[in-house]
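Let's take a walk through this protein together. Keep the 3D view open and turn it as you read.

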Amino acid sequence: MLMHAPDPLQPDDLDAIQGLAYRPGYDQDTRIEGLAYLLRIDHDMLVTTLRRRLPRVTDHEWLRTLCEFVADEELVELDEALVSSWGRPWSGNLPDVERPEYLALLRLHGEGGPEAIVWKTFLAATRPSQNGIRFRCWDLLHRLGQRDHLIELVSAASSADQSAHPLLQPLHAAAVSFGTVPWNREEVLWIHKLAEPERESFWTSAQVATSALSPARRKALEIRDIPVVDAVAKHRPQLLVASKGQLYTQIDQKLSGQRHYREQDSGFMPGKEIEHYLSSHRERLTWGDLLAISMAIDALEMPQVRQHLFHFADRDFVDETTEYGGILDLDESGRFNVREFPPRMRVHDRRFEAPQDMFDAGYTALFHFHYHVQKHRNGTHAGPGSGDMAYADNTRANCLVFTFVNENTLNVDFYRHDGVLVDLGVILRPMSGQG
């Protein structure tokens, strides 16, 4: 009716045509015919409508058809909208190179075009309101296996791009200083915190420590590895030249004969339990993981560290309102140091809510840790549960959990993102008569 009306379209008429892009109840042929008509009579209005609405389309079939329409009409003005939509999760885990947004960008820009457009979109997202698209671009480049190229791009970023972009300057500094860049949003924040003036001495020290590594090893570092490498350079510099195999063998020997306990009610989906032995994760453990585990074992051999950990555990044991937690780092003299932090809020006795000041202190620390000490014989709850692993996935920190298996014995587990979990055995209370 509107297409054949003799009079100019009224605002309500244009609104009705725009609504074909996102309102339910229309078949796809009608939608496409209406959008094609709008393209003919008001190109800018169509582009504005799709720029706003395309990233919000949740109907998979309509999204496929709409992306094909964008490619057919060569609407390159919608590159950012395609990238924004592509950066959102797709139920069913469709591979990124089969996503309709990727296929549209491929048709519009040719081989290698989608990746280049994602980087271009990231650089152009300089306004405060574009924080979401910045992080979606960053995530997309990693999902596309572009990490090595991303490090090169960030390293080569111009001064003009760095000064204009709210994220780029610290990322460039990290790529140049440490040979690596963050993976996710939390690590981007981590690097921004490390780049603050009050942490300048740490940054300089860590830069010196990581510069001693080979280019390949530097490129493989994650942000959580930077404090570990810095600590190793001060505490056990000989480990910096140890190979992954050598580190694994040393750890395996130290864990030999240790008793291990595991969580019996982790909250993971059936069939998704995580193995907790060192050997179970041998292929997935990175050089940085093994370096961190070596430092954890060193720290736990110190009587002063064990004394503090048990004293903290005893206080957690009698407090039924929350779990306790904190960080493990090095003090100014290079000694291992246990730092306690009260929870952000008290929820219940099987949860620790880490406060912001713990995160602030943790950016230069070795480990985040918390306790499972609701009772002395708590071995059936030893190790991280699903919530703890989700915390590791989000923060990408190195984490430890301590669990009472009797009044004078704590089980220790190391864990990090992507389901890597290593039971480090047990530690005994100093002066308990057991060690």
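## Inside the cores

Let's start with V154. Leaving out residues up to four places away in sequence, V154 touches W119, W138, L168, L171, H172, A175 and V181. Before going on, keep in mind that what you're looking at is a predicted model.

V154 belongs to the largest nonpolar core, which has 54 residues, and together with L50 it touches the most other members. Helix 4 gives this core its largest share, seven residues. Apart from this core lies another one, made of 51 residues, and V232, W287, L410 and V412 are among them.

## A helix with two sides

L50 also turns up in helix 3, which covers residues 43-53. Which residues of helix 3 are buried? They are L46, V47, T49 and L50. These four sit on the same side of helix 3, because they cover an arc of only 165° around the axis.

Now look at the other side of helix 3, where D44 and R52 are exposed. And what covers the buried residues? The cover includes helix 1 (11-18), helix 2 (28-41), helix 4 (60-72) and helix 5 (79-86).

## The sheet

Next, find the open sheet. It has six strands in the order 2-1-3-4-5-6, and the pairing is mixed. Strand 2 (336-341) and strand 6 (420-428) are at the edges; each has a single partner strand, so one side of each has no neighbour in the sheet. From one strand to the next, the twist averages 25°.

A bit of background helps here: strands of a sheet pair through backbone hydrogen bonds, and they can be parallel or antiparallel. Strand 3 (residues 367-372) and strand 4 run parallel, joined by five bridges. If you want a spot to zoom in on, try H370, which stands opposite V401 in strand 4.

## Helices across the sheet

Two helices are worth picking out here. Helix 17 (residues 287-300) lies across strand 1 (325-330), strand 2, strand 3, strand 4, strand 5 (409-416) and strand 6. Its direction is at about 160° to strand 5.

Helix 18 (residues 303-318) lies across strand 1, strand 2, strand 3, strand 4, strand 5 and strand 6 as well. This helix runs at about 15° to strand 2.

## T322, tucked into a loop

Follow the chain on from helix 18 and you get to T322, in the loop between helix 18 and strand 1. Is T322 buried or exposed? It counts as buried, because its relative accessibility is 0%. Setting aside neighbours within four places in sequence, T322 is in contact with D316, P343, R346, H348, D349, R351 and F352.

One of these partners deserves a closer look: the side chain of T322 reaches the backbone oxygen of R351 at 3.3 Å. For a sense of scale, T322 and V420 are 98 residues apart along the chain, and their C-alpha atoms are separated by 26 Å.

## R396 and its two glutamates

The last stop is R396, which is in the loop between helix 20 (386-395) and strand 4 (399-406). With a relative accessible area of 9%, R396 is buried.

What does the side chain of R396 make a polar contact with? One partner is the side chain of E187, at 3.1 Å. A polar contact of 3.1 Å also joins the side chains of R396 and E222. Leaving aside neighbours within four places in sequence, R396 is in contact with W183, N184, E187, W190, E222, R224, Y391 and H417.

Terms used:
Residues numbered from 1 in each chain as written. Predicted model: local features only at pLDDT ≥ 70, side-chain atom pairs only at ≥ 80, totals over all residues. Heavy atoms only, no water. Buried < 20%, exposed > 50% of the residue type's maximum accessible area, 1.4 Å probe, protein only. Polar contact = N/O pair within 3.5 Å; in protein donor to acceptor, adjacent residues only side chain to side chain. Contact = heavy atoms within 4.5 Å. Arc of directions from axis to C-beta. Pairing = 2+ DSSP bridges. Axes fitted to C-alpha atoms, helices over the stretch in contact; angles between N-to-C directions. Core = buried A, V, L, I, M, F, W, Y, C linked by side-chain atoms within 4.5 Å.
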